[in-house]
Amino acid sequence: MPAVQETVEQVRAIDVDQYKYGFVTDVEMEVAPKGLNEDIVRLISAKKNEPEWMLEWRLDAFRRWQTMRDPQWARVDYPAIDFNDIHYYAAPKKNAAPKSLDEVDPAILDAYKKLGIPLREQEILAGVQTSKVAVDAVFDSVSVVTTFKEELAKAGVIFCSISEALREHPELVKKYIGSVVPVTDNYYATLNSAVFTDGSFVYIPKGVRCPMELSTYFRINEKNTGQFERTLIIAEEGSYVSYLEGCTAPQRDENQLHAAVVELIALDDAEIKYSTVQNWYPGDSEGKGGIYNFVTKRGDCRGKNSKISWTQVETGSSITWKYPSCILRGDGSRGEFYSIAVSNGRQQVDSGTKMIHLGKNTTSRIIAKGISAGRSNSTYRGLVSAHRKASNARNFTNCDSLLIGNKCGAHTVPYIESKNATAVFEHEATTSKISEEQMFYCMQRGLSAEEATALIVNGFVKDVLQQLPMEFAVEAQKLISISLEGSVG
Amino acid sequence: MLEIRNLHVQIEDKKILDGLTLTVNDGEVAAIMGPNGSGKSTLSYVIAGKPDYEVLDGEILLDGENILEMEADARAAAGVFLAFQYPLEIPGVATMTFLKAAMNAQRKARGEDELATADFMKRVRAGAEKLGIPQDMLKRGLNVGFSGGEKKRMEILQMALLEPRFCILDETDSGLDIDALKIVSEGVNALKSPDRAFLVITHYQRLLNYIVPDTVHVMAHGKIVKTGGKELALELEANGYADYKTLAA
């Protein structure tokens, strides 16, 4: 593992409490007043020049949200959120619909550069990166730029911000938005429906294999701001797309809320591969600050033989609450969930997936790896269900937890429901600790305690890392080691 | 090469080594024999630096330098190698990856450059071939699903690649059939050199037919109770450990 050495050096170079992406970018921002009410919802919609139906949709969501309460069932603990103490809209002033990169505030471009996200197409083409990746960069509440749009358009692929899609392709948005995650789905999804500000929109036409990786990079910068993004991906019959999202935020003492909704729709024979490398600011080692990551992600395998796979590497956020799911509606459809959740310090993770088998001959596979260190707590929560008509549904679940140290916890909460006698569900779960014997063995061969831990952890997560697009697997591997910095000892 | 002086060791308040003194010279193959519970494995762990053992008194000198304060990885870089009686499994980490990480970690600790990948591969392949280790085993998780014999061969391969100065073989013969025993022994014998020494820990004389010792030490109740030439092993085989058990008590 050539990255091990490199990882260890990187890890040594930073302090326990130092989060690499914790910088703040100084940009002139336009910020809506704090608080949540119908006026704010109208303001967001107006800022985005949305069609009337969208505003109505938002207001309807807002009214419903007011009657709901936050979910209490997750194994996470945090003080009540004051939703009136949050800004729901924050956008860089200079970013009034930039036509090219030159019109984007250089400070923002610089921020993405620091994060290692190339936004200048010519730089990418000049070989800064080994393969081409189109990027949609979302800064607080707005998308600042989307690269390779023209080249993608040649293939018929639409890749733009959801705000732009609402203006340019309202019929597509109207047809699909809320069709996977209904407005009333859950507290945070409903909140998102009312106040979502930006996010990405992807449309892959029939029979097209998207010519490059698509990715969105989310950055929260402004203080006391919530980020509510909405992503919608539609893969028409026989198409394919691989999409990756990344996220970071500055280091702050206050908690910030991130409540996103992601909807995927795969029609007949289509395939969507969705990868996440989540590295929101996790708070310091005492649990101060950090992002509350309350996210609803769901994919609908609407067509026959369609396939949706979720791969996630979760190292950030002070609290993670997310269950990327698949609705296996089409006969012969397939859902996959590969996850690595790393928690350290005082982080709390309650994450997993739902595989809802509705169609015949549907299959799903879940591989979840949780690594807990420090005083963190990690829970895998998953539902696998087969409905009455889902004959021959198949699921394989494997949940492994690895504990480092004595003060962390790992929990597995699987729910399995089958209403069809021909369904076959398999569930395997293990919890292990990096044993002192293993550590001694590695150290006897000359590896330091940190190198030994990195090696054992890398071995533990290997099955999942292999599912990530190549370019990101190495990055993810480094991220995991950095997150575990200070856990040995 | 290695000098142990008056070593007293306990674990969880139980005394295991009780004033053990032992010298192994450059180029020497020393065998330690003794009944179960005499402290043989503890001795190997304490030399290699396993935590949990409390050293109450005494010292272990490697080339004149006390290594007791050193972490296990530093001792490894200084040239101590322990072939485990029960090698550990590291799931998901290919043997090849592990070997490379270990070799480079030691080289780095000694201030040497990392091995070029081509050079590394060449060494591993050659070493594996000598020990009859199939190439595809090198791609599998280290020791995962290996048979007892395969694990022991892998230990010897690691020993060959890491080129330690002081090699401890902890009951390497346990769980080996006669063919595997021969291969492993040949592997060890090939590594004999004037500036390398071996400490061979075993219950049985059988292994010493293949790895012929220069000296044989009998251990009982945490100390060396008798030292002799290779003929001592044969004597033990014939008479058993009964005499020594009472002798030390």
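## Salt bridges in the predicted model

A salt bridge is counted here when a side-chain nitrogen of Lys or Arg lies within 4 Å of a carboxyl oxygen of Asp or Glu. By that criterion, A:Glu271, A:Lys307, A:Arg334 and A:Glu336 are linked in a network of salt bridges. The structure is a predicted model, and its salt bridges number 32 over all chains.

Within the network, A:Glu336 and A:Arg334 form a salt bridge whose closest N and O atoms are 2.9 Å apart. The two partners fall in separate accessibility classes. A:Glu336 has a relative accessible area of 7% and is therefore buried, since buried means under 20%. A:Arg334, at 26%, is partly exposed.

## Two further ion pairs in chain A

Side chains of opposite charge can pair when their charged atoms come close. One such case joins A:Arg230 to A:Glu263 in a salt bridge, at 2.9 Å from N to O. This pair links distant parts of the chain: A:Arg230 belongs to strand 8 (residues 230-235) of chain A and A:Glu263 to strand 11 (residues 261-266) of chain A, with the residues 33 apart. A:Arg230 is buried, with a relative accessible area of 0%. A:Glu263 also counts as buried, at 0% relative accessibility.

Another salt bridge connects the side chains of A:Arg64 and A:Asp60, at 3.7 Å from N to O. Here both residues lie in helix 3 (residues 52-66) of chain A, 4 residues apart, which is about one turn of the helix. A:Arg64 has a relative accessible area of 39% and is classed as partly exposed. A:Asp60 is likewise partly exposed, with 33%.

## Composition and burial of chain A

Chain A contains 12 helices and 23 strands. Of its 489 residues, 63% are buried. Among contacts in chain A with a separation of 6 or more, 84% are made by residues 24 or more positions apart. The chain exposes about 18,200 Å², and carbon and sulfur atoms supply 47% of that area.

## Overall form of chain B

Chain B has 9 helices and 12 strands. Its C-alpha trace spans about 55 × 40 × 35 Å along the principal axes. For 249 residues, a compact globule would have a radius of gyration near 18 Å, and the value for chain B is 18 Å, so the two agree.

Buried residues account for 55% of the 249 residues in chain B. Residues 24 or more positions apart provide 68% of the contacts in chain B with a separation of 6 or more. The accessible surface of chain B is about 10,600 Å², with 48% of it belonging to carbon and sulfur atoms.

## The mixed sheet of chain B

Strands of a sheet pair through backbone hydrogen bonds, either parallel or antiparallel. In chain B, 6 strands form an open sheet in the order 6-9-10-3-11-12, with mixed pairing. Its edges are strand 6 (80-83) and strand 12 (223-228) of chain B, each of which pairs on one side only. From one strand to the next, the twist averages 20 degrees.

Inside this order, strand 3 (residues 29-33) and strand 10 (residues 197-202) of chain B run parallel and are joined by 5 bridges. B:Met33 stands opposite B:Thr202, a residue of strand 10 of chain B. Helix 8 (residues 231-239) of chain B lies across strand 3, strand 11 (215-220) and strand 12 of chain B, and runs at about 115 degrees to strand 12 of chain B.

## Antiparallel pairing in chain B

Strand 4 (residues 54-62) of chain B takes part in two antiparallel pairings, described in turn. With strand 1 (residues 2-11) of chain B, strand 4 shares 7 bridges. B:Glu3 has B:Leu61 in strand 4 of chain B as its bridge partner.

With strand 5 (residues 65-66) of chain B, strand 4 shares 2 bridges. B:Leu62 has B:Glu65 in strand 5 of chain B as its bridge partner. Strand 4 and strand 5 of chain B form a hairpin with 2 residues between them, and B:Asp63 in the turn has a positive phi of about 50 degrees.

How values were computed:
Residues are numbered from 1 along each chain as its sequence is written. Chains are lettered from A and ligands numbered from 1 in the order in which they are written. This is a predicted model: local features need pLDDT of at least 70, side-chain atom pairs count only at pLDDT 80 or more; totals for chains, interfaces and linings use all residues. Side-chain values use heavy atoms; hydrogens and water are left out. Two strands pair if DSSP finds at least two bridges between them. Axes are lines fitted to C-alpha atoms, for helices over the stretch in contact, and angles run from 0 to 180 degrees between N-to-C directions. Contact means heavy atoms within 4.5 Å. The radius of gyration is taken over C-alpha atoms; the globule rule is 2.2 Å times the number of residues to the power 0.38. Buried means under 20% relative accessible area, exposed over 50%, partly exposed in between (1.4 Å probe, protein chains only). Accessible areas come from the Shrake-Rupley method with a 1.4 Å probe; for residues, only the protein chains shown count as cover.
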